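Please read the report below alongside the sequence and the coordinates. It is written for a reader who wants geometry and burial set out together.

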Amino acid sequence: MINFHPTLEQLRAFVTGDLPPALSIMVSAHCDMCPRCMEMVDSITEELAQESFDEVSGQESHELPNSMQSMLADITKLPSSLSADELITIAKKKDNNHIELDGRKFPLPRTLHRYVNKTGNWSSLVGKLWQAPVDMGTQGVANFIFMGHGGSVPEHTHRGTEYTLVINGEFSDGLNQYDSGDFILMDSTHTHTPEAVSHDGCLVFSMVDEPLHFTSGLARLLNPFSHLFFR
Ligand SMILES: [Zn+2]
């Protein structure tokens, strides 16, 4: 069950296009997995369209021409003229709707399909961790991170902001327990130790805008290299 969602402000900023691109991708991918937030986005969009409609009609002394009304109706018809089923069919044809690790196929939220071809090879890190870098173009680098059962990321905090979307499985980090679809935002005020709790491990999609900062034990030695692992 999804317990962690973007804030209402983030959803509004997503609709108005005011989020940084990287965050916008994360929010969009979360909405693909979360009917509640998808519904919120739809109603915010309608609300904003109504507001701008009211604004325009307020300025005009006469009624809006039909062409304007139908244009607004088109804008509020989200998110695309293709139905979800059609989009899924297209994604399947291109076979870019999932990623694979060790023969296991992980379906991805629709927003991430376009990055499948930009995902590099898996490399093995410490502690049953696997990482595949994703070239996000001007948005920088993201990573798919797979934590095998019992696998963990050494305790760390963040210099910037770490956005994580749980794609498949569950993990806990000493602060909370997270499930598929959860949207997690961590910054320098959080110190956590992610650890996969589900038997089949846990796949997350993660973006960090600054290198992680490891805080405990031997892992501190990783700091000079953390940008190699987690950027
Ligand atoms: Zn949500």
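The text that follows takes up the metal site, the cysteines, the aromatic pairs, the nonpolar core and the strand pairing in turn.

The model is a predicted one, and the values given here should be read with that in mind.

**The zinc site and the cysteines**

The zinc ion takes its protein donors from H5 through ND1, from H30 through NE2, and from C34 and C37 through their SG atoms, and these donors lie 2.0 to 2.3 Å from the ion. The angles among the four donor atoms run from 101 to 117°, and the site is tetrahedral. For comparison, the ideal angle for four tetrahedral donors is 109.5 degrees. Along the sequence the donor residues follow the spacing H-x24-H-x3-C-x2-C. Of these donors, H30 and C34 are both buried, and C37 is buried as well, with a relative accessible area of 1%.

What does a search of the whole structure find in the way of disulfides? It finds zero. C31 is in no disulfide, and the cysteine sulfur nearest to it, that of C37, is 5.3 Å away. That separation can be set against the cut-off applied here, by which the two sulfur atoms of a disulfide must lie within 2.5 Å. C31 is itself buried, at a relative accessible area of 5%.

**Aromatic pairs**

Four aromatic pairs turn up when the whole structure is searched. Two of the pairs are set out in the table, with the distance between ring centres and the angle between ring planes.

| Pair | Centre distance | Plane angle | Class |
|---|---|---|---|
| F106 and F146 | 5.7 Å | 50° | tilted |
| F144 and F205 | 5.0 Å | 55° | tilted |

F106 belongs to strand 2 (residues 104-107) and F146 to strand 5 (residues 141-147), so this pair ties together parts of the chain that are 40 residues apart in sequence. Both F106 and F146 are buried. In the pair of F144 and F205, the ring planes stand at 55°, so the arrangement is tilted. Because F144 lies in strand 5 and F205 in strand 12 (residues 202-208), this pair ties together parts that are 61 residues apart in sequence. F144 counts as buried at 1% relative accessibility, and F205 counts as buried at 0%. Elsewhere, ring pairs link F4, F171 and Y178 into a cluster.

**The largest nonpolar core**

The largest nonpolar core holds 35 residues, and those that touch the most other members are L112, M136, F144, F205 and M207. The elements that give two or more residues to this core are helix 1 (8-16), helix 2 (21-33), helix 3 (35-59), strand 1 (98-101), strand 4 (129-135), strand 5, strand 7 and strand 12. The largest share, seven residues, comes from helix 2.

V134 lies in strand 4, and at 1% relative accessibility V134 counts as buried. From C-alpha to C-alpha, V134 and V116 are 8.0 Å apart in space, while in sequence they are 18 residues apart.

**Strand pairing**

Strand 7 (residues 162-168) is mostly covered, with six of its seven residues buried. Which strands does strand 7 pair with in the antiparallel sense? Strand 7 is joined to strand 10 (residues 183-186) by four bridges, the two running antiparallel, and strand 7 also pairs with strand 12 over six bridges, again in the antiparallel sense. E162 illustrates both pairings, since E162 stands opposite M186 in strand 10 and opposite V208 in strand 12.

A separate description applies to three strands that form an open sheet in the order 9-8-11, with antiparallel pairing. Strand 9 (177-178) and strand 11 (195-196) stand at the edges with a single partner strand each, so one side of each is left without a neighbour in the sheet. Strand 8 (residues 171-172) pairs with strand 9 in the antiparallel sense over two bridges, and within this pairing F171 stands opposite Y178 of strand 9. F171 and Y178 thus appear in the sheet as opposite residues and, together with F4, in the cluster linked by ring pairs.

Conventions
Residues numbered from 1 in each chain as written. Predicted model: local features only at pLDDT ≥ 70, side-chain atom pairs only at ≥ 80, totals over all residues. Heavy atoms only, no water. Pairing = 2+ DSSP bridges. Buried < 20%, exposed > 50% of the residue type's maximum accessible area, 1.4 Å probe, protein only. Donors = N, O, S within 2.8 Å, 3.2 Å for Na, K, Ca; no water. Tetrahedral: all angles 85-135°; square planar, octahedral: opposite > 155°, others 65-115°. Phe/Tyr/Trp six-rings, centres within 6.5 Å; stacked < 30°, edge-to-face > 60°. Core = buried A, V, L, I, M, F, W, Y, C linked by side-chain atoms within 4.5 Å.
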